[in-house]
Amino acid sequence: MTAMGVESAKFLEELGFDRIVPARELSLEEIAQIKAETNLEIETFVHGALCFSYSGQCLISSMLGGRSGNRGRCAQPCRLPYELYKGSQKINKKEEQYVLSPKDMCSIEILPDILRAGTNSLKIEGRMKRPQYVAAVTRQYRRYVDLFLENPDHYRVQSEDFQELMELYNRGGFTKGYYIKHNGKDMMSMKRPNHMGYYVGKIESIKKNQIGFTAQTDIHKKDILEISLGSPAKEEKVELTSPVDGKAGTKIWLNANKLKRLRAGMPIYRTRNESLINEIQKETIDIEIKENLKGNIRFEIGKSAMIRLAYKDLSVTVEGDIVMEAEKAPVTKEKLLGRLLKTGNTPFTLEIDEVVMDKNAFLPMGAINALRRDALLAMEEVIISRGYRKEFDLPVKNNPVKQKDTDTCFEKRIQEENICYATTLEQAKAAMKIPDVAAIYLQAESLPFDKWDDFSKRCHEYGKEIYYSLPLVFHKKAREEYRNHKELLCLGQQDGLLIHTLDEYAMLHFMDYRKKLVLDSSLYVYHKSSLDFYKKHVNCPVRCILPVELNDEELKKLHIKDADMVVYGRQPLMISAQCQVKNHMGCQKKGELLFLKDRRDVRFPVKNFCKYCYNVIYNGACLNLLDYEEERKKINAYGCIYRFTIETGDEVKDILSGRLPNQKYTKGHFKRGIE
């Protein structure tokens with residue numbers, strides 16, 4: 001949900017939530033503030049792959065390949081090579097082509113700070129990882145949490161434990177994530193997007209078909225070693241398997257191919273530590289863990305056979321068949337226990353504390369086996385059921401002001417209205433003079449707060465409604481500034497606000513905001529009840545911009561009247577705390593327009609919004625749904641939004657007047673949908 005601050009946390013707590021997973025871009029200070037001002041549990045990421053984009057705000061895989069990260073289907077285009085341009089000048093180095101690829105996070109060294117900030121649960125990446133990786137990483141963090149709790153003043157990570165994490169997976173080292181810094185080149189893995197391995201030495205000798213090196217760490221038979229060749233983008237490499245064990249400091253000889261391309265001094269990395277993988281497999285995966293049960297048995301003639309099992313504070317009692325008097329061979333205590341203690345593939349072992357039985361008692365072995373099976377199954381069900389979460393009803397805030405009918409508040413739309421969504425003041429001024437434009441959504445960062453009212457009055461003089469668009473992400477600085485302008489937000493001359501995140505919505509909820517409110521598509525109204533929810537918790541008229549990941553048939557099924565639709569413009573694919581300008585040119589503290597070029601020579605505009613320090617990567621192809629007028633009418637989307645990003649004022653005038661540039665266009669998901 002891109003929850004980033006106290007407002008969204010308090011709002012979720014008000015709704016009945018017990019725990020939140022805030023955005024990974026939060027600092028320790030921001031996490032501590034949420035903890036101090038709410039009663040929520042906090043769960044944060046501590047280890048594994050980092051997304052380049054704010055989670056929930058990434059559409060690059062969705063738009064380029066039809067596989068949505070929001071539905072767990074991300075194809076990871078962020079791990080592909082790109083060239084970065086300012087105008088016609090390429091600005092990223094040849095060996096730094098993975099400009100969207102962050103290093104993996106490893107926060108074990110700052111674990112005490114994370115726990116002191118108020119984190120209750122540590123989130124470790126496991127999806128798409130090997131079982132050995134998940135087991136080993138979890139084991140390490142569990143161990144170090146316990147060490148900190150036992151002796152917080154003497155917390156120190158052992159070098160061999162850090163090496164184990166590096167050997168499991170790293171992309172050229174680790175980053176501590178956003179806990180202690182907002183962004184930076186050292187958080188990125190621009191030279192390689194996948195597992196680099198652990199440095200074990202460099203080529204010292206090349207003889208015949210062998211290379212020799214001095215091992216910097218212990219080498220094991222069947223270890224996989226790798227030597228990179230040429231450009232990282234081509235991913236050329238020599239992969240070798242160690243035929244021997246060798247201690248650190250000894251000379252190792254390996255058979256190698258492509259000898260003509262190998263040179264002395266080339267580094268060698270171990271990408272698979274066979275001994276480590278086998279040890280993890282043996283100690284954490286192959287091991288069979290069982291819970292021990294205590295039991296009492298009653299085996300008396302004329303009564304049902306009975307077994308009572310106990311586990312911690314839980315117990316079950318199960319009865320079987322009536323015990324008979326033996327005609328020939330009675331069941332001895334040894335035979336009875338022999339049958340009952342065979343717990344087999346169940347998750348239990350069993351100890352019998354007491355046996356009450358008659359000397360001449362008898363039951364068929366099948367009946368005794370059935371009694372054991374029924375008792376163990378009953379115990380398992382009781383244990384599992386205790387772990388179920390209790391159902392609860394969400395409290396609903398009773399608004400003192402009833403939600404107004406948006407048909408009257410936004411004025412019933414009997415024909416399509418054109419809306420200009422402007423990123424710059426120049427674009428907004430150009431749209432102001434176009435008669436067919438009914439409203440302007442202006443990126444608020446392009447205009448100082450003290451100029452809002454004057455510009456609003458000018459828009460009204462031209463017969464336009466004006467809505468100020470809050471930042472695409474709502475980090476600490478933005479929250480503080482907008483809180484300090486509550487009067488302007490609630491009582492200013494503008495007609496309303498356009499918001500993008502739950503934090504912005506929650507802030508207005510607590511301000512008792514009463515003007516018009518437009519929800520951007522990033523708030524994901526995928527169902528009519530979603531819009532009803534947003535209407536319920538504020539005292540103002542609410543409209544939404546329809547989601548961009550639904551096709552036309554899915555949009556028709558929404559049956560939402562209070563909706564606008566983007567019909568033209570470049571869609572944001574990624575919103576990131578990372579800054580391409582800072583990472584490749586140094587921080588300029590001013591907006592720049594750059595372009596990413598992919599392997600198919602598609603150019604993606606990149607804009608940095610310096611006031612609140614975030615980057616936006618836009619689609620290389622411009623969305624154009626202007627020819628689908630009939631389909632839009634069936635969807636009830638009468639607000640047609642033209643989204644302007646990199647256009648000049650003159651280009652805005654031409655486009656709004658029907659003179660579209662001759663360029664490649666896309667229909668987005670309007671006809672194809674997504675996986």
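In this predicted model, Lys-653 has a relative accessibility of 33% and therefore counts as partly exposed, since this class covers values between under 20%, which is buried, and over 50%, which is exposed. Lys-653 is located in helix α20, which spans residues 649-656. Together with Lys-429, Lys-433 and Arg-458, Lys-653 forms a positive patch on the surface.

Helix α1, made up of residues 6-15, presents a contrasting environment, described next. Of its 10 residues, 7 are buried, so helix α1 is largely enclosed by the rest of the structure. The buried positions are Val-6, Glu-7, Ser-8, Ala-9, Phe-11, Leu-12 and Leu-15. These buried residues of α1 pack against one strand element, β1 (19-20), and against the helices α2 (28-37), α13 (476-483), α15 (502-511) and α16 (528-536). Directly following α1, Gly-16 adopts a positive phi of about 115 degrees.

Two of the elements packed against α1, namely β1 and α2, are joined by a loop that contains Ser-27. The relative accessibility of Ser-27 is 18%, and Ser-27 therefore counts as buried, the limit for that class being under 20%. When neighbours within four places in sequence are set aside, Ser-27 is in contact with Tyr-178 and Tyr-179.

Definitions and conventions
Residues numbered from 1 in each chain as written. Predicted model: local features only at pLDDT ≥ 70, side-chain atom pairs only at ≥ 80, totals over all residues. Heavy atoms only, no water. Patch = residues over 30% accessible without salt bridge, like charges linked within 9 Å, V, L, I, M, F, W, Y side chains within 5 Å. Areas by Shrake-Rupley, 256 points an atom, 1.4 Å probe, with all protein chains shown as cover. Salt bridge = Lys/Arg side-chain N within 4 Å of Asp/Glu carboxyl O. Lys, Arg positive; Asp, Glu negative; His and termini not counted. Charge placed at Lys NZ, Arg CZ, Asp CG, Glu CD. Helix = DSSP H or I, 4+ residues; strand = E, 2+ residues; numbered from the N terminus. Buried < 20%, exposed > 50% of the residue type's maximum accessible area, 1.4 Å probe, protein only. Contact = heavy atoms within 4.5 Å.
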